[in-house]
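Here is a short tour of a model for you to follow alongside the coordinates. Keep the viewer open and turn to each residue as it comes up.

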Amino acid sequence: PIRVLFDTGASLNFISRTLVDKLKLEPVMALESICMSNPIGGSANLCMGWLGVLISYYDELFPCDLYVLGFMGFDVLLGMDWLPRYSGVRL
């Protein structure tokens with residue numbers, strides 16, 4: 001099991017560097033890096049991750065793209081692009 005945050009402020013999906021290391025995963029290099037800005041004014045260029053990762057939740061599989069990012073507290077952050085695709089409702 002992993003800790004997932006559904007982040008209504010994020011436009012992309014992320015996996016923590018800690019989880020990548022813990023599971024000994026080898027991310028692939030993206031063809032193009034993505035420049036991401038955060039709420040406190042910083043930015044990062046993301047160039048590693050996975051496309052089409054299958055997330056299993058209550059016996060349902062949900063494919064998504066995950067970018068590697070250094071953060072703590074959660075293992076995966078799922079952003080707003082993921083929720084509407086699977087009929088998620090923002091309360």
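## Aromatic residues and a charge over a ring

Tyrosine 57 and tyrosine 58 are both exposed. Please keep in mind throughout that this is a predicted model. The structure contains 1 aromatic pair, and tyrosine 57 and tyrosine 58 are its members, arranged edge-to-face with 4.6 Å from centre to centre and 85° between the planes. Those two values are quoted because a pair of aromatic rings is described by the distance of the centres and the angle of the planes.

Another ring worth a look is that of phenylalanine 74. Arginine 3 lies over the face of phenylalanine 74, 4.8 Å from the ring centre.

## Strands and their partners

Now for the strands. β3 covers residues 28–37 and is hardly covered, with 1 buried residue among its 10 residues. β3 pairs with β4 in the antiparallel sense, over 6 bridges. On the other pairing of β4, 7 bridges join β4 to β5, and these strands also run antiparallel. Strand β2 (residues 14–16) is joined to β5 as well, here by 3 bridges and in the parallel sense.

Some individual partners help to set the register when you look at the strands in the viewer:

| Residue | Opposite residue | Strand of the opposite residue |
|---|---|---|
| Cysteine 35 | Asparagine 45 | β4 |
| Methionine 29 | Methionine 48 | β4 |
| Tryptophan 50 | Leucine 66 | β5 |
| Leucine 54 | Proline 63 | β5 |
| Serine 16 | Leucine 69 | β5 |

Glycine 49 is a good place to pause. This glycine belongs to strand β4, residues 43–57. Is glycine 49 buried or exposed? Glycine 49 counts as buried because its relative accessibility is 7%, and the cut-off for buried is under 20%. Its contacts, leaving out residues up to four places away in sequence, are Pro27, Val28, Leu66, Tyr67 and Val68. One of these can be given a distance: glycine 49 and leucine 66 are 17 residues apart in sequence, yet their C-alpha atoms are 5.5 Å apart in space.

## Positive phi values

If you check backbone torsions, three residues deserve your attention. In the hairpin of β4 and β5, with 2 residues between the strands, tyrosine 58 takes a positive phi near 50°. Aspartate 59, in the loop between β4 and β5, has a positive phi of about 65° although it is not a glycine. With 77% relative accessibility, aspartate 59 counts as exposed.

Lysine 24 sits elsewhere, in the loop between α1 (17–22) and β3. Its phi is near 55°, again a positive value in a residue other than glycine. Lysine 24 is exposed, since its relative accessible area is 71%.

## Charged side chains

How many salt bridges does the model have? The count comes to 1 salt bridge, formed by aspartate 21 and arginine 17, whose closest N and O atoms are 3.5 Å apart. Why do these two sit about one helical turn from each other? They are 4 residues apart in helix α1, so about one helical turn separates aspartate 21 from arginine 17. Arginine 17 is partly exposed, with a relative accessible area of 33%.

Aspartate 75 offers a contrasting case to examine. The residue is found in the loop between β5 (60–69) and β6 (76–78). Aspartate 75 is buried but has no salt bridge. The nearest side chain of opposite charge belongs to lysine 22, and it is 5.8 Å away. A salt bridge needs the nitrogen and oxygen within 4 Å, so lysine 22 at 5.8 Å does not form one with aspartate 75.

What does aspartate 75 contact, leaving aside its neighbours within four places in sequence? The answer is Ile2, Arg3, Phe14, Ile15, Ser16 and Leu19. Two names on that list have come up already: Arg3 is the residue that lies over the face of phenylalanine 74, and Ser16 stands opposite leucine 69 in β5.

Note on methods
Residues are numbered from 1 along each chain as its sequence is written. This is a predicted model: local features need pLDDT of at least 70, side-chain atom pairs count only at pLDDT 80 or more; totals for chains, interfaces and linings use all residues. Side-chain values use heavy atoms; hydrogens and water are left out. Rings of Phe, Tyr and Trp (its six-membered ring) pair if their centres lie within 6.5 Å; planes under 30 degrees apart count as stacked, over 60 as edge-to-face and the rest as tilted. Buried means under 20% relative accessible area, exposed over 50%, partly exposed in between (1.4 Å probe, protein chains only). A charge sits over a ring if NZ of Lys or CZ of Arg is within 6 Å of the ring centre and within 35 degrees of the ring normal. Lys and Arg count as positive and Asp and Glu as negative; His and the chain ends are not counted. Contact means heavy atoms within 4.5 Å. Two strands pair if DSSP finds at least two bridges between them.
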